Structure formats: structure tokens, C-alpha cells
Amino acid sequence: MNSVAQQEDTVAVHRPLSSWIAVLEPRSPGAHPTLGVINDGDERADARDMVRFRTVAWVRTSVIIDRDGQPCRVLALRAPDRSVVIELDDVGRPVAVSADGADLVAELEVRWAGLPAAPGTVAQLRRESLELRYFLLFRIGRETAAPAELFHCLPWERVESAARTAAALLTPGGTPPVPADDAGRPPGGSIGRAPAEEQLRHWFTPAALSLAGPLSVLRNGLLVGRAGPWFSREAAALLTGLLAVEPARLPASTRSALSVLADRLGTDQALRHSARLAAARLTGPAPTAHLDLTLTARLDSDFVLRASSGAPQETGALLEQGLVTADVAVTPGGAVVVELEISPTTDSPVRTTADDGPLCHPVTVTLIGVTAQVGSQVRYWMMLDRTDEGLYGFLAMPAPEGQFEVGLDAPPVALRFLDRVPHRELLASLHANEHIGPSHWHTIIDELPPRHPAHAALAAYEAQLPS
Amino acid sequence: MDRTGSRMTASAGGYGPPVPASCRRAAAQGGDLAAADAPVMTGDLLDGKKVLGFATAVHGAAGRLPSAADDLLLLEGDGHTGPLPCPDGATGSGSLPVRRVGPHPYRQLEPGHVHPADELAPGLTAAFDELVYGPDAPRYLAVLIERLTGAGHGFWLAGGAPRDLLAGSRPDEVGDLDVTGTAPAGSFWDVADRVLDDEDGVSAEHPRLFSPDTLVCSVLPPQRQGHTLEYRGLGIGGLRVPATGTDLRQDARQRDLTVNTLLYDPVHHVVLDPLEQALRDLAYRDGIRVLVPAGAPDDPETCAAVLLRGLKFRLRWASAGGGRGGARGPNDTALRDWATALPENLTAQLDERGEAAWRRVHAVADTCLPATPSPHLTEVVRGYGTAAAALVDRLTGGGG
């Protein structure tokens, strides 16, 4: 780090938490001060990155201003020349804070490199506005090795409520828990969309991505009986988020509610393994207990090459977890072959991934060992054939050099929802599904929406086939 | 069929795609009284007063985006005197006896204003489609466009996207997505909120921003780096309060340069050139780009902003060159003539506005001028007259 950056780090202890600030403009004695325009007109800028906050030592403070005709204490910063800026939320309103809350923010900023996460700290933060908590945790998550417990100050009861509702609606004959008031229900008592204040939105993204968003959409869709294909996308997105989240960032009650929901999602055979693994991560007896449930295989291409005398050998692994069996092998010809079978269940899920069309199971190949590209990962999508005997898929991919890991833990997704997958990944996947020929691909892909990238991938695949 | 029931043809004083069906419902219900769900347009009449545009009442619980109930009609006379109309003047209310005589945007246009995209440049529609519907486009965008246009609102890509794609840039080279339309801010959020909350989980986690200063509605990615979308209703000028409208020419005139007045309709695949100047000045096929101020501002801050943005493009295009068909540029004669005619006391006028005005001008300059002043910049500015030189001197610390 150069000396300029070091100097800025020393000076810039207290900087805006929000993206937007407004200068508090003094008026004549006796008159209320007014707020300048957001970021002095540069609304696209992030106030935290502004030069003035990196080169001048601002002090954390709070001021009382008039907000909607009422006095309100709001979060602020004061410069050495006594000028003051107010921190604004995402609709340009000053961020409310208590006097104790402002003091706590100041203390946290001083101890940014080693943040405390005492219960008292979390309790104080819970008393502050949601906007302040969100902005603080957003910065903490980006800039520090954030203590997991700090994220417990978010209103996780909303997540728990959404999870319980969704789980109930995924239970045969289940009804969602009755809310504290009927504001969310239309006349007649029928189930309706959750009210605006119950939408989870972005508030929880400092703690975890792809968790609150898919959960909210899942809950909303189940509440209104949403038609059309959507369920497998949100179920897969939620399970992906649950497989990625740091469990300690969620309170125990939230982990429990999400685990119950994961179990309900797991009544669908295609989602069973991912759901089981997600539930284990959330509520397992030990942080690593779930590792025994993973479907991963470590392989070595070089081992196969070194076995050059005598009969050609394969190196491989047979993976079994619950309903799933996967045979993973490296062939002497330099291919990684994955054969996957998912047995049917006796469950009758309320909603099923089968409603959304053909499924694709993600298969990841991650380089490990001492190489310059360690950690780099390639993903393929294995088409799953659905029969009365269950789900079946087969891939043959080029084997990377050296040691690598094949992963099968992520949930499958309907092909129609792979419309954000890069072209090269789709194209490579078409080639890797060796048991599927052009005619069958057309049967699957021609039905997709016209702008789906699979059409272009199929055209490129056909152009690359030997004539 | 326009909003009064007349069938639209090229000879009937209008040209372009058909007026949306929701607007035609007004005629089907008889007379010219409003259908409850038909959008109000600039030029409509309420109690004999002409609708100029829409403001947004800013109130309510912290963190709440405005809704259609917060949209306010600005009537002739309101914009220049007196307080804002009370919230009862909501735009979408079926209880308002609004006479629908204001023209839908496509009724405002002549043939020379509307161009099928592929007639301007082969493959242009595909390029726009990739931007709006492709793998890198926000997943909510297609549904948002469908819902807004289905409700009778106009929706167009604006600013850099149509300008740069026409000039030959690839979709992945286009920066932030700026869009505009006829929906006031609250009406926009009524639709956008629902789409973001209900369509898919990725979109649901996008933060939503609304500026009461400018009525800009933004959607950010969860990591809050950049914008996935920035919407602001069609611009109108000359009012005391932040406001939007539905007049395409008014919108064009309050933009900075003519090359930035192009609009693209992603539903009908047409490019709009409301001033019938932008395509010529962009020189998108070949030739030299021309930098021309789009309007005739007299406010000193607006003049400063136009000047600074003009300098930005002057410097950018002089160094980049190239473009579709090898367009060279730019020709900044018109911009220089305009700048040279600015009052020499421009900086003094800004001084009179106070420190807050200079902070706002500095904010614009930060996005337009190079971080380190250069002899080249000084040389360029010298040709822009006294006011420009004094302004840039003050902003770069070179004098004043």
C-alpha cells in the first residue's frame, strides 16, 4: 500500500455509511437549516468514495433536524471547519439514529479492523433504523472480516415468517400461519400477496445473497398460486443461497425455519440432495458435519497417464448420498465421465420441478493442487432424463491436467432458466451431453422462448459436428 | 387509433407505432372523458387548465418509494407561482374529469422523427435486443417494459445506449442503462416495485433508489456497484419543482447536446429523433460528429453543466475517433459559438448562488473533466470564450 493510501486510511476513519449525503446548510438565526441536494448533484456517486471524506478527518455525529414537521435525530458527519453532512437513505431521507446509536457507530468505525460483536452491540443495533443497520452491515461486509453475530441485528423474524409460510404452503393440506393482523389478506379470507412491508428485498443481502430474494418470490408465488414456470428457478436459487451462506450469520431460529423449508423443498426428488445438504449446513451438530453428505470426487488426470504400462486404467469414484448415485471417472482418453442417477421418491410434493420442463444438473470441475490456476472452475450442465425409474444424466468432459474436484451438490435448474448462462458454457455443455444428439436437442430447445441463448448454442454445436 | 378515437395515419398529423390499446379504451367508453386507467398526458385539460407535467409529493414512512398516489398534476400556472397542488391531484385517479386532448408521444412526431432501427443500420435491432433482452440484461427489464407499455405508457432507451449503438459500439460496451418514458415517478414505482418483488429472486434483491431532487428512479445490483437501470420521465424545463412530462420535444430541448436526444423504443424497434437533428449530428454512418447544444438554457448552473458535458464529449471523441463507418470528429463549431456567447460574468452569477451552487457544478465537473488539468484542455477551452475559460479555471484551481 502506498503512502497516499496509508495516509487516507489514517484520516478516513469516519466516512459515510450511505451512498448519499446532503450538506446541512445553515440559515439565519432561528430558522431551521435546510438540506442541500443529494451528493451535491452527483447522485450516481458513492459518497463514501468522495475525495473530501478520504482527505479530511470527519467526525461521526448526529444532529436534530426537522423531518416531516417533527424533530428527528439523524446520522451525520462533521468536518474540522464545522460543516455538517447528513446521511440519507435510498429515497433521499435523513437516516434516523438514536444518540446511543450514533456513539456506537463512531466506536465501530474506530475499531473497524477488529469489530466487537458483543450481545449488547447487537441489541443496540437492533434498536436503530433498518436503513442504518443495512448500510452499516453492507460496509462491514465489504471492508472487514465481519463478525458473524453482528448480522443478527437484521430483522430475521421477517425471513422466518416467510420461510414458515412457504413451508406450510409446500405441505400437503398445509395452510400458512395466520399473520398478526389481516392486512395482508383480501376480503373473503383467501390467501393473497404479502403486503409491501413484508417484502424482504435487499435488506438481508449484506448477510447473504440469493437467500431473502428467492425466499420472498417463492413465498409470494405460493401465496397467490402463481401460474407458469417459475418454481424450480426460485427453489434452486434459494437452495444455492443456503449452500453458500455462512450459517453463523443467521440466528438459530432463522436457521431452523430455513431448514424446515429446505426439507419441504426436498420432497421433490430432483432437489432432495441439495435440500438435505442445505438443511444439514444450517442445523448440523458441528460446522463441518454436512461435509459427509457432499457429492464431490477428487481425481487426478496425471495418475491415469502415469499408469501407462499394462492395461489402461480408469481412476474414479462411486458417490452415493440418499437417492443419488454418481459414477465419476477419468478415462485413459483424457475425459471426465459423470453418470448420475436419482431414484424416485414416495413423496408427492405440492409443487414440483417437473412442471418447468427439462432439468439440467450443474456439474463443476475445480482445479486443485499446486498449479497457477488452482481454484479456477468450469461448469457444465447435465440434461436429466425423467422416467418412472427416476432421473438420469450423463456427461463426458475434457479432463483438466493434474488434480481436480468434480462437484454435484448444486441443485438442478430447468433449461428454460439457463438464459443467463454464457454462450461458451452452454455450447460446451451441449457437447458434453454425449448421449444426446442433434435431433433430440432440437426437441428440447426448439420449444424455448425465441431469445433463449440455447438456440444460438445449438446452431454453433451443429456447425461444429463432424460432417 | 389515437386517444380521441381518430385512426392514426401518416397524413393525420402523427407518425409512428400505434397508440397503445389502453389509451384507445378512453375513446371506446364514449366522449373524451378519461378511462380510469389511461395515463394522463401533457396537454390534457383538468377543469379547463392544461396539464404541464407531473411532480411527486415526498412524504410518508422512511424508506418508502413513492406510489401513483404521490404523483401530482402540475397545471398551467402552478409551475411558476404558489405551492404544489395537494395530493388530491393524483394523476391516475379515475375520479378526475380529465379531458384527453394532450397528444400521445407518437402523435407528436412527423415522419422524419421516427426510423425503424434496421433501416438506419443493419443489425441495430439485434444489438438493442441484446442490450435489453440478452444474457447480460437485468432479468426484470423485459417484464418491466411489458407491464409499463401494457398500461399505456411510453418507454424508451435514452442517452448513451442509442447514441453509442448507432455509432457502432457493441452492446457490452454500453454503460449504464438510462431510460425514459411517460410514467411519472410514483406510477413507475407502482409497476417496478411489483415486478422486482415478484418476478425472480435475483431481481428482488436489487436496491431501489429514488431521488426527490431529480425524480430519477434507479435500480442497483445487490453489490451496489453501478446501476442496472436509471429511469426518469420525459423532461420538462422551466418549472420551480422537479417535474416530468410526456412531450418528446420538451424532453429533447432540456438535454445537453443533440447527439444525446435520441430515443429507442424496444417494443416497436424504432429510433426517435424528436429534434430531427441528432442523427445528422451523430454522423453515425461516416463523417464528422457535430456537437450542438440541444436547448437554449439561460440558468447559469445549466449553462455550466452543458458546457462541461460538451467539453467531455469534445475530449472523448477527439481522442477516440473511429466509430461505425469510421466517423471522425468532432466538429465543435456550434458548441464553441454557443459557449463564446455565454455571459462573461457566468462565474460571478454562480458566486451569487453561493457555495452550494459551486458544489453542484464541481460535481458535474468531476464526471466531465480529466482529474489532472492538461495543456491540451487549456488549449481547447481557450477557444470556448471568456466565460468557459474562467469557469474551468475556477474548477481546476487555475485562477479565480
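# Briefing: chains A and B of a predicted model

Setting aside residues within four places in sequence, Thr214(B) is in contact (heavy atoms within 4.5 Å) with Glu43(A) and Arg232(B). This is a predicted model, in which local features need pLDDT of at least 70, side-chain atom pairs count only at pLDDT 80 or more, and totals for chains, interfaces and linings use all residues. Residues are numbered from 1 along each chain as its sequence is written, chains are lettered from A and ligands numbered from 1 in the order in which they are written, and side-chain values use heavy atoms, with hydrogens and water left out.

**Thr214(B)**

- Thr214(B) lies in the loop between E8 and strand E9 (217-219) of chain B; helices (H or I, at least four residues) and strands (E, at least two) are DSSP runs, numbered from the N terminus.
- Thr214(B) counts as partly exposed because its relative accessibility is 26%; buried means under 20% relative accessible area, exposed over 50%, and partly exposed in between (1.4 Å probe, protein chains only).
- The side chains of Thr214(B) and Ser211(B) are joined by a polar contact of 3.2 Å. Such a contact is a pair of N or O atoms within 3.5 Å; within protein, one must be able to donate a hydrogen and the other to accept it, and residues adjacent in sequence count only if both atoms are side-chain atoms.
- Asp198(B) is 16 residues from Thr214(B) along the chain, and their C-alpha atoms are separated by 27 Å.

**Where the chains meet**

- The contacts between the chains involve 45 residues of chain B and 43 residues of chain A.
- Together the two chains bury about 3,800 Å², with 45% of it on carbon and sulfur atoms; buried area is the accessible area (1.4 Å probe) that two parts lose on being put together, summed over both.
- Arg139(B), Glu205(B) and Arg224(B) lose the most area to chain A within chain B, together 19% of what that side buries.
- There are 11 salt bridges between chain B and chain A, each a side-chain nitrogen of Lys or Arg within 4 Å of a carboxyl oxygen of Asp or Glu.
- Asp90(A) and Arg224(B) form a salt bridge through their side chains (2.8 Å, N to O).
- Across this interface, 27 residue pairs are in polar contact (both at pLDDT 80 or more).
- Elements giving two or more residues to the side of chain B that touches chain A include helix H3 (124-133), helix H6 (185-198) and helix H13 (355-368) of chain B.
- H13(B) gives the largest share of that side, five residues.

**Nonpolar cores**

- The largest nonpolar core has 79 residues, and those touching the most other members are Leu124(B), Leu157(B), Phe188(B), Trp189(B), Leu229(B), Leu308(B) and Leu391(B). A nonpolar core is a set of buried Ala, Val, Leu, Ile, Met, Phe, Trp, Tyr and Cys residues joined through side-chain atoms within 4.5 Å.
- Another core lies apart from it, with 62 residues, including Cys153(A) and Ala207(A).

**Chain A and Arg15(A)**

- Chain A contains 14 helices and 14 strands, and 54% of its 467 residues are buried.
- The C-alpha trace of chain A spans about 90 × 65 × 45 Å along its principal axes.
- Arg15(A) sits in the loop between helix H1 (3-11) and strand E1 (20-25) of chain A.
- Arg15(A) counts as buried because its relative accessibility is 17%.
- Not counting residues up to four places away in sequence, Arg15(A) touches seven-residue company that includes Glu87(A), Glu109(A) and Glu143(A).
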